[in-house]
Amino acid sequence: MYGALWRVLPFPAWLKVIVFVVLAAAVLTACVLWVFPVINDLTAPIDATVEGG
Amino acid sequence: MTVELSRVERRRAERRRPRVTVVGVLGELLITGGVLVMAFLGWQLWLNNVISSSEQKTEATQASEQWSMSDKGEAVTPAPVERADPGAPQVDIAPGNAEHFANVIIPRFGADYTIPIREGVGVKDVLAYGVGHYPDTQMPGDVGNVALAAHRTGWGEPFRKIVDLQVGDNIYVETEAGWYQYVYRSLEYVMPTGVGVLNPVPQVADAVPTDRILTLTSCNPITTAAERIIAYAVYETWYPRAGGPPAEIAAVAQVAAAG
């Protein structure tokens, strides 16, 4: 998948590296901004309170 | 020789194989997923805490400014060590759910440690933004038990360092009225159902309180929720807002004034 992407990109190797780094950074940023907060809300938080039950 | 030949053959066979295979893509996707899960954990346990706790400090500081009305950059004068008896502490009426009505200031947790306290212990509306005040427990300064809860892992983890407290450490609760000084006394470990710690006299049912207690609750062991860790502090005195903050936390108040 990544290998195929590497071969398909019509740039010199150094530019491909930059493209890959930018792509990875974009995915991580998107995760931090939108995906991770949603997952955080969906997962059960570690309860810090005492309650009857 | 035969080994060499078979090696060459294997290489040829590899070259004939399609470059993009289902298993190959699946493997790469799984590796990517694994990296993202690690990234999530890093975010949840570190980055998000840095951000959340900084936001909480800013919010607490802004509230302090508002209560002081000293948002013009005026220096806040700390209360003198020798001062007149402030008398019985002012006790406010409990605010509405999720209302930010106080800050908790614990110098042991950091020189700039001030975190908002909201009414209630809702996971989404209160504890995600700092410290919660158990409804139906007493208000700061009152005779009985002021019970607070906060996360020890994640969501800014305000009580992360709860085991660092040492006997005699001061815990301040700041409200619009002023600063209530409590002195840390002891830790206790209870099961998650141990609601006795919230009693006006902790762990004693139906007793008539005479002391002013502050109770902090969080999860235990750290990063899990099998038990609860409880920290008790006892009321010492209070500092009406007009008289200035206690010298020990003047730095926090100064930041508020300069902010």
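**Exercise 1: the core.** In this predicted model, find which residues of the largest nonpolar core touch the most other members, and which element supplies the largest share of this core.

*Solution.* Start with the core itself: the largest one holds 53 residues. Within that set, B:V104, B:L148, B:I171 and B:A231 touch the most other members. Next, look at where the core residues come from. Strand 8 of chain B (residues 227-240) gives the largest share, eight residues.

**Exercise 2: two core residues up close.** Work out whether B:I171 is buried or exposed, then list what B:I171 and B:A231 are in contact with, skipping neighbours within four places in sequence.

*Solution.* First, place B:I171: you'll find it in strand 5 of chain B, residues 170-175. Now count C-beta neighbours inside 10 Å. There are 23, and the cut-off for buried is 20 or more, so B:I171 is buried.

Then go through the contacts. For B:I171 they are B:V104, B:I106, B:Y182, B:Y184, B:L214 and B:A233. For B:A231 they are B:I162, B:L165, B:Y184, B:L187 and B:L216.

Finally, try a distance along the chain. B:F109 and B:I171 are 62 residues apart in sequence, yet their C-alpha atoms are separated by 9.9 Å.

**Exercise 3: a helix with a bend.** Check whether the end-to-end distance of helix 2 of chain B agrees with its number of residues, and find where this helix bends.

*Solution.* Helix 2 covers residues 22-68 of chain B, which is 47 residues. At 1.5 Å a residue, that helix should span 69 Å. The C-alpha atoms at its ends are 65 Å apart, so the two values agree.

Now for the bend: helix 2 of chain B turns by about 45° at B:W43. B:W43 is also buried, and other buried residues of this helix include B:N48, B:Q56, B:K57 and B:A60. Step just past the helix and you meet B:M69, with a positive phi of about 55°.

**Exercise 4: where the chains meet.** Describe the side of chain A that touches chain B: how many residues, from which helices, and of what classes?

*Solution.* Count first: 19 residues of chain A are in contact with 34 residues of chain B. Helix 1 (2-8) and helix 2 (13-42) of chain A each supply at least two residues of the chain A side. Helix 2 of chain A gives the largest share, six residues. Sorted by class, this side has twelve nonpolar, five polar and two charged residues.

**Exercise 5: confidence.** Look up the scores for the model and for chain B.

*Solution.* The model has an ipTM of 0.87 and a pTM of 0.84. Chain B averages a pLDDT of 89, and 91% of its residues score at least 70.

Methods. Residues numbered from 1 in each chain as written. Chains lettered and ligands numbered in written order. Predicted model: local features only at pLDDT ≥ 70, side-chain atom pairs only at ≥ 80, totals over all residues. Contact = placed C-beta atoms within 7 Å. Helix = DSSP H or I, 4+ residues; strand = E, 2+ residues; numbered from the N terminus. Nonpolar A, V, L, I, M, F, W, Y, C, P; charged D, E, K, R; others polar. pLDDT = per-residue confidence, 0-100. Expected span 1.5 Å × (residues − 1). Bend = angle between axes of the 7 residues up to and from the residue. Buried ≥ 20, exposed ≤ 12 C-beta atoms within 10 Å, placed from the backbone. Core = buried A, V, L, I, M, F, W, Y, C linked by C-beta atoms within 7 Å.
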